[in-house]
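Student: Please give me a close look at a single part of this model, one strand with its partners, and set it against the wider arrangement of the chains.

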Amino acid sequence: MAVRERVGVFVCHCGRNIAATVDVKKVVEEISKHPYVVHAEDYKYMCSDPGQKLIYDAIKSKKLTAVVVAACSPTMHEETFRKVCEEAGLNRYKCEIANIREQCSWVHTDIEKATEKAIRIIRGAIEKVVKNRPLHKIELDIVRKCLVIGGGIAGIQAALDIANAGIPVILVEKSPTIGGHMAQLSETFPTLDCSQCILTPKMVEVARHPLIKLYTCSEVIEVSGYVGNFRVKILKRPRYVDEYKCTMCGDCADVCPVLVLNEFDRGLSLRKAIYIPFPQAVPAAYVIDPESCLGFNPIKCGKCKDVCEQEAIDFDMKEEIIEEEVGAIIVATGYGLYPKEKIGEYGYGRYEDVIDSLEFERLLSSTGPTGGEIRRPSDGKIPKRIAFIQCVGSRDENHLPYCSKICCMYTAKHAMLYKHRVPDGEAYVFYIDIRAAGKGYEEFIKRVQEEYGITYIRGRVSKIYEENGKLIVHGVDTLTGVPVKLEVDMVVLAMGMIPTGSIELAKKLKIPIDQYGFLQEVHPKLRPVESVSDGIYICGCAQGPKDISETVTQASAAASKAISLLTRPKLYREPLVAEVNEEICSGCGVCASICPYSAIEIVEGVARVNEILCAGCGTCSAACPSGAMQLRNIEDKTVLRMIKSMLG
Amino acid sequence: MKKLKLAIIPTGSCSGCDTSLVDAGETFVKALEYLDIVYWPIAMDLKVDSLLKAESIDILIVHGSIRTEEHEHLVKEAAKKAKYIVAYGSCTCFGGIPGLANLFFRDELLKKVYIETFSTVNPEEKIPGVTCEDERLKIPKLREWIHPLDEIVDVDLYVPGCPPPGEIVEKFLETIIAHAERGEPLPEKGTVLAGLKTVCDECPREKPDKIVVKKFVRISEAKEIDEKKCLLAQGIICMGPATRSGCDARCLKVNMPCRGCMGPSPEVVDMGAKLISMISSIVYADKEREVGEERLKKVVEEIVDPAGYFYRFTLPGSILGRTRRRRDKE
């Protein structure tokens with residue numbers, strides 16, 4: 001060793017958090033005897049300004065070459081103390097934290113033993129800090145562009161926020177139009193705003209925004225790279241209609257001979273093989289559904305092409321793979337409804353008049369199959385008695401254990417809107433609990449119950465069957481304990497929400513999902529829109545069930561995270577990554593085989609670490625049979641020295 | 001010309017190391033011109049007294065495991081007057097194959113070998129370390145544990161291998177000749193006469209992009225071996241990635257997996273632990289999670305005699321080996 005290290009040890013009392021269990025004075029006395037230690041002192045709160053000044057002054061006056069702060073967990077104040085060291089002229093990695101709070105004082109009661117342990121922990125940190133090499137952060141360039149996956153309200157909001165900040169956005173949507181589920185809704189709780197009326201201006205803004213590049217009928221198929229520098233491959237399926245030439249005249253659909261169920265209306269109406277999902281679709285262009293269109297065989301059909309004056313229809317359009325580079329990614333892939341078929345006792349599929357909540361939204365919508373009138377699917381009659389069942393699939397151990405959060409509110413809205421449309425009708429709501437936590441939500445429920453006279457029955461429905469053209473709903477009122485048998489004309493099931501597409505996408509993005517398939521945030525409270533992969537953010541129902549206002553809030557949060565990332569001049573990364581000793585490495589390839597971040601490749605017989613991809617997890621170092629792969633500043637030999645010094 | 005005084009002490013040895021020296025042929029003969037052999041029981045008719053009474057020894061070569069009290073005694077005595085001590089062969093460098101005996105306590109070993117084995121007839125249950133009746137014959141007592149040589153005396157040079165491969169023996173002898181002839185210094189203390197890299201560096205076999213193993217097979221049980229491809233990638237446990245180079249991958253060239261006789265690379269403290277870590281890392285490396293703990297465990301459990309496999313040459317000097325010995329002391 002060229003320079004004899006001069007270590008300063010600073011022991012924090014943390015009020016009584018540490019000092020009550022660890023004899024701080026004794027720690028200082030003992031650790032002063034350590035051969036490397038030239039300065040040791042204690043202070044009530046080392047993280048306070050005077051505490052930090054102690055460290056600063058000692059570095060200057062005692063010419064310290066390394067600092068150990070014995071205090072709380074490094075996740076709390078490592079940065080604080082490293083900054084002080086930097087200010088005093090030390091490299092930030094010549095400062096180590098000995099955690100004598102979480103790992104010592106908080107978990108012990110015996111003062112003598114805890115004191116001994118604290119001394120040992122500090123001894124370990126001294127061994128490490130003297131071996132630490134001074135390092136500098138790794139500098140990265142940023143591609144100032146953001147990818148937003150999913151064109152529902154979450155994706156739209158995020159895309160607009162980012163584009164409005166002056167950052168180009170690529171918005172990828174699987175279906176032929178953006179808008180997502182919100183476009184299907186009638187009115188929104190609790191204010192009864194018309195959903196399309198508030199959504200479509202935003203959709204148009206997306207379409208017109210010079211900084212937003214929209215890919216519909218598209219999917220992200222491959223993601224590589226890292227924060228600031230992702231490479232994405234987007235599969236763009238053919239629309240068969242040139243979206244720039246199409247004028248939406250509708251002549252094509254008029255002549256199209258094919259009729260299929262309209263998925264936008266959840267199968268409650270029919271559409272042609274060439275269609276627009278709904279009048280305000282963005283991009284404003286027709287699309288051909290290749291599954292049902294006959295025109296791919298020119299002998300069979302081609303009527304639409306014949307009538308299209310714009311010559312916008314092209315049956316020869318091919319799939320394209322588009323490659324884009326972006327600096328950040330926002331995932332907003334939304335939700336789907338739990339498959340109703342799985343709940344056989346409610347007879348969905350057997351009884352036409354048992355429908356799900358989104359189907360009911362379409363019935364309520366003025367652009368829907370009935371023009372906003374409530375008519376039941378079987379015979380088009382107006383249902384005079386209607387039952388709403390909440391928590392279908394949700395909060396059910398056999399199906400979805402979680403609460404889908406929005407069903408209480410939209411069911412109340414459904415019941416209210418039903419009464420608007422059918423004032424003499426009777427509505428019943430079966431519920432387990434009413435969860436109406438939100439601004440104006442509880443008041444809304446109260447209005448529905450009291451002003452609109454909707455009957456709320458607390459209890460689950462056990463089965464539904466048909467008798468004499470009526471649906472019989474069997475349940476129990478758990479408040480009175482009396483079995484309930486209701487004869488109704490129609491039943492609406494408030495289906496639980498499930499994530500869609502997030503599972504496969506999460507694999508491609510290498511971000512974790514929870515047990516149900518929702519995207520996993522880093523911290524539910526403090527980092528709710530960040531994924532564990534730097535530069536990948538999550539929002540909307542892909543992260544968990546939530547209503548529109550919460551979705552928009554989260555989308556804006558994700559956007560602001562992306563903006564704050566993409567507006568930095570440079571990115572910096574911790575240099576504590578894996579490093580290859582090329583003199584030893586013989587390129588056996590074990591490390592490259594197991595690196596979870598694909599950060600290692602074998603080049604000319606030697607492993608090479610991509611410092612930017614490397615997350616410093618240490619998997620390679622553990623597996624490296626020759627010891628050539630080491631984590632910077634946590635080399636095997638350092639760890640062994642630390643263990644020896646602590647146990648010795 | 002003043003000749004260098006050389007003593008070669010075989011301890012618990014198979015004599016393969018002696019053979020490897022002789023096998024160096026002309027270089028060995030040339031080296032002999034500069035050497036005055038003080039003690040080398042396998043080659044010269046010199047008794048122990050000539051070693052014990054020698055005034056000084058310039059180069060002391062020890063090979064074999066330090067197994068009996070006599071071994072320890074001889075080595076310690078010789079070391080007192082030796083100027084340069086060479087740990088020759090894997091037994092002295094790391095403990096070697098006999099070092100696997102450290103998996104058992106001495107009494108267990110003796111009982112097994114001298115009393116319990118099927119082919120042994122020993123009605124009086126006599127074991128070494130017991131003086132015979134007429135007191136003419138004294139068998140040295142077995143030490144409790146086998147130690148690498150450097151835990152007994154200070155070692156200057158390590159010549160690993162079981163036995164050390166020709167290229168390395170040649171290099172060793174050349175070093176001695178250069179020292180005797182031209183006064184060039186012998187390698188500095190702690191030098192290991194082998195490559196810095198691992199056997200993979202010298203291995204001509206093709207390495208795949210990814211090594212993923214779904215099942216381990218022993219070489220003797222493998223139905224088919226691709227003669228050009230990495231053995232490890234074919235599920236045959238090969239110590240090559242963890243073993244120091246210098247042998248020219250000779251085992252690999254004849255379709256045998258590396259057994260690790262050259263010992264660990266310089267950055268590795270516990271070779272067996274490293275090997276275990278490596279082997280367990282590559283099992284279903286591509287889909288560990290999908291496969292699940294149970295299945296992974298099964299694959300690993302099928303490895304026959306893992307301690308013997310992974311610690312074949314290095315148990316006594318390993319962390320595991322030392323911990324066991326220390327525990328025993330306490």
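Tutor: Domain bounds here come from an automatic or database domain assignment. The model is predicted: local features need pLDDT of at least 70, side-chain atom pairs count only at pLDDT 80 or more, and totals for chains, interfaces and linings use all residues. Residues are numbered from 1 along each chain as its sequence is written, while chains are lettered from A and ligands numbered from 1 in the order in which they are written.

The strand chosen is S5 of chain B, residues 82-88 (strands are DSSP runs of E with at least two residues, helices runs of H or I with at least four, both numbered from the N terminus). Five of the seven residues of S5(B) are buried, that is, 20 or more other C-beta atoms, placed from the backbone, lie within 10 Å of their own; a residue with 12 or fewer is exposed, and one in between is partly exposed. Strands count as paired if DSSP finds at least two bridges between them. S5(B) runs parallel to strand S3 (residues 57-63) of chain B, to which five bridges join it; B:Ile85 in S5(B) is the bridge partner of B:Leu60. S5(B) is also parallel to strand S7 (residues 157-159) of chain B, with three bridges between them, and here B:Ala87 faces B:Tyr158.

Elsewhere in chain B, B:Gly25 sits in the loop that links helix H1 (16-22) to helix H2 (26-32). B:Gly25 is classed as exposed because it has 11 C-beta neighbours inside 10 Å. Its C-alpha atom is 9.9 Å from that of B:Gly166, although 141 residues separate the two along the chain.

Chain A offers an antiparallel counterpart: an open sheet of three strands in the order S11-S12-S17. Strand S11 (218-226) and strand S17 (320-326) of chain A are the edges; each has a single partner strand, so one side of each lacks a neighbour in the sheet. S11(A) pairs with strand S12 (residues 229-236) of chain A over eight bridges, and A:Gly225 has A:Phe230 in S12(A) as its bridge partner.

Chain A as a whole is divided into five domains, among them domain 3 (251-307) and domain 5 (577-631). The C-alpha centres of domain 3 and domain 5 of chain A are 54 Å apart.

Finally, the two chains meet in a contact of 20 residues from chain A and 25 residues from chain B, where residues touch if their C-beta atoms, placed from the backbone, lie within 7 Å. On the side of chain A that touches chain B, H14(A) gives the most, with four residues.
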